[in-house]
2 protein chains.
Amino acid sequence: MSPKSKPSEIRVGALSKERIIASAIDILNSNGESALTFRALASRLSTGSGAIYWHVADKDALLAAATETVLSRSIAEVASAADPAAALRAIALSVFDTIEAHPWVGTQLAREPWQPAMVEIFERSSAQFAALGVSRDAIFPCVSALAQYLIGTAAQTAAAARHKFSASDRSAVLGTIVEQWTQRDPAQYPFVHLLADQVRNHDEREVFLDGLDMILAGAKATL
Amino acid sequence: MSPKSKPSEIRVGALSKERIIASAIDILNSNGESALTFRALASRLSTGSGAIYWHVADKDALLAAATETVLSRSIAEVASAADPAAALRAIALSVFDTIEAHPWVGTQLAREPWQPAMVEIFERSSAQFAALGVSRDAIFPCVSALAQYLIGTAAQTAAAARHKFSASDRSAVLGTIVEQWTQRDPAQYPFVHLLADQVRNHDEREVFLDGLDMILAGAKATL
DNA sequence: GACATACCTGGAACGATGTTCCAAGAGGGG
DNA sequence: CCCCTCTTGGAACATCGTTCCAGGTATGTC
């Protein structure tokens, strides 16, 4: 179990939850999710795995803490906007950009959607939906839709990033997928063939914003 | 590697990809994702793990095949509707209900969003958006938004199901989460407190449909 | 009917991981 | 100085996914 109170103060080279999480984030960012093992972490901190367990309950807690650190930092940096719709876009984009920069956050968000950092998103989005004029009872469905859309994007971005480790190139990843898709019978899957080029060449950030605007339009319609 | 052609025909007790996948689905449905190991599968099929590997490349392929089996079956059963919007709702609900009945499908969908079964969803949704009058260039953003919303819901439902294994009760799971949320300062998180009851007591299927209708409303707005 | 060959099976063995356990170190108060 | 608590390092354990291979089984050929 973790210390009840700071016994005296920091030994200089001492282990701490903060240092452990920072190292974990470094490993995740530079070498990907599969590189984060307690052995790698221990080696980077010049200690043993047992020492880490004294500060962190288990790997889930470690990942949750790392996610909260990265995500809540970027949410806090969201600039306030005059327009509620613009504010919602800014919040969503902040999450999107964080996940594109740190795909492991997306994996974690998809596996454990009720992360502490999600409360922040929930709160601030609710406020903006309210400012948009959404009635009290309709706020929850709106935030919920937004949250599930964000989580879906998170999962997809994280999956794409995982594939890039083998294919290294984005167009190669999408190319392989589209190739499999278009091997199907064009008569039975006309739209798959029709839209193949867009799947291959779309700008993910732009399509993300398009989808977001659909949800916002739908939210306004429920006023 | 798998057989190139059926050499003659089936030995009665013979192993086959179909039997392996069926057993895997049984294990997943009855004992959850963590229960599916090659040892458990081999024991249920009265064989060794090596034999399974002759029919299935690895665990990812096994999970992908299981997911495709369950998901494409339920998509094929979707009744056709007169109204394109109703048809889209029917498709989405079929996915939603499948995942609620088999939460491991949700996990798999969130980890590997470009599953073969997703092509089916993609194709049929595109057709309905087209029937709705969405212009050719706007179809892809619409299907993409729908897909990400579905994936997000899949991830969330699967996560909830995982938690139920320890808490057993849905209200207990949500109760714990809401309790953590409401421990925060009401002054700083007013909406979290305001909406706590709705988080605890909402009907997930209904909220899912609400979000879906927002996306459809947004799609109609881009006509 | 016997033999060769390609297909298929079972289980031992390997390497890696998360986690637990515990003997020992460090630091401060009596 | 000793004792007690907090902290550390690393060995050890249980499980996994996966690989390997010795053997079994069916089939086509003479």
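## Cysteines, core and enclosed spaces in a predicted two-chain model

The sulfur of A:Cys142 has its closest cysteine sulfur in B:Cys142, 18 Å away, which is too far for a bond. The model is a predicted one, and over all of its chains it holds zero disulfides. Seen from the other chain, the sulfur of B:Cys142 likewise finds its closest cysteine sulfur in A:Cys142 at 18 Å, and because a disulfide is taken to need sulfur atoms within 2.5 Å, this distance is too far for a bond. A:Cys142 is buried, with a relative accessible area of 0%, and B:Cys142 also counts as buried, at 1% relative accessibility.

### Chain A and its fold

Chain A comprises 12 helices and zero strands, so that its pattern along the sequence, as these DSSP runs are numbered from the N terminus, reads α-α-α-α-α-α-α-α-α-α-α-α. Taken along the principal axes, the C-alpha atoms of chain A fill a box of roughly 65 × 45 × 25 Å. Of the 223 residues of this chain, 49% count as buried. Among the contacts in chain A with a separation of 6 or more, 70% are accounted for by residues 24 or more positions apart.

### The nonpolar core

Which residues touch the most other members of the largest nonpolar core? In this core of 147 residues, they are A:Leu41, A:Phe129, B:Leu41 and B:Phe129. Helix α8 of chain B, residues 136-167, contributes the largest share of the core, with 15 residues. In soluble globular proteins, nonpolar side chains tend to be buried together.

The surroundings of A:Phe129 can be followed in more detail. Leaving aside neighbours within four places in sequence, A:Phe129 is in contact with A:Leu88, A:Val134, A:Cys142, A:Val143, A:Leu146, A:Leu216 and A:Ala219. One of these partners is A:Cys142, the buried residue with a relative accessible area of 0%.

A:Leu216 is also touched by A:Ala85, whose other contacts, not counting residues up to four places away in sequence, are A:Leu132 and A:Lys220. A:Ala85 is found in helix α5 of chain A, residues 84-101, and is buried, with a relative accessible area of 4%. The C-alpha atom of A:Ala85 is separated by 24 Å from that of A:Pro116, a residue 31 positions apart from it along the chain.

In chain B, B:Thr67 has its place in helix α4, residues 59-76. Is this threonine buried or exposed? B:Thr67 is buried, with a relative accessible area of 0%, and, when residues up to four places away in sequence are not counted, it touches B:Ser72, B:Trp104, B:Val105, B:Gln108 and B:Gln115.

### Pockets and the cavity

The classes of the residues that line each space are set out below.

| Space | Nonpolar | Polar | Charged |
|---|---|---|---|
| Largest pocket | 23 residues | 12 residues | six residues |
| Second largest pocket | 10 residues | seven residues | six residues |
| Largest cavity | six residues | two residues | four residues |

About 800 Å³ of space lies in the largest pocket. Its lining counts 41 residues, of which B:Gln156, B:Thr157, B:Ala158, B:Ala160 and B:Ala161 are the closest to its centre. Elements of both chains give two or more residues to this lining: α7 (116-131) and α8 (136-167) from chain A, and α1 (17-31), α5 (84-101), α6 (103-111), α8, α9 (170-182) and α12 (204-221) from chain B. The largest share, nine residues, comes from α8(B).

The second largest pocket has a volume of about 630 Å³. Among the 23 residues lining it, those closest to its centre are A:Glu112, A:Trp114, A:Pro116, B:His163 and B:Gln180. At least two lining residues each are supplied by α4 (59-76), α6 (103-111) and α7 of chain A, as well as by α8 and α9 of chain B. Here α9(B) gives the most, with six residues.

How many cavities of 30 Å³ or more does the count give? The count comes to one, and about 130 Å³ of space lies in this largest cavity. Its lining consists of A:Thr107, A:Ala110, A:Arg111, A:Ala155, A:Ala158 and A:Arg162 together with B:Thr107, B:Ala110, B:Arg111, B:Ala155, B:Ala158 and B:Arg162. Helices α6 and α8 of chain A and α6 and α8 of chain B each supply at least two residues of this lining.

Note on methods: Residues numbered from 1 in each chain as written. Chains lettered and ligands numbered in written order. Predicted model: local features only at pLDDT ≥ 70, side-chain atom pairs only at ≥ 80, totals over all residues. Heavy atoms only, no water. Core = buried A, V, L, I, M, F, W, Y, C linked by side-chain atoms within 4.5 Å. Buried < 20%, exposed > 50% of the residue type's maximum accessible area, 1.4 Å probe, protein only. Helix = DSSP H or I, 4+ residues; strand = E, 2+ residues; numbered from the N terminus. Contact = heavy atoms within 4.5 Å. 1 Å grid on protein atoms, 1.4 Å probe; cavity = no way out; pocket = protein on both sides within 12 Å on 5 of 7 lines; lining within 4 Å. Points joined across faces, edges and corners; volume = space filled by probe spheres on them. Nonpolar A, V, L, I, M, F, W, Y, C, P; charged D, E, K, R; others polar.
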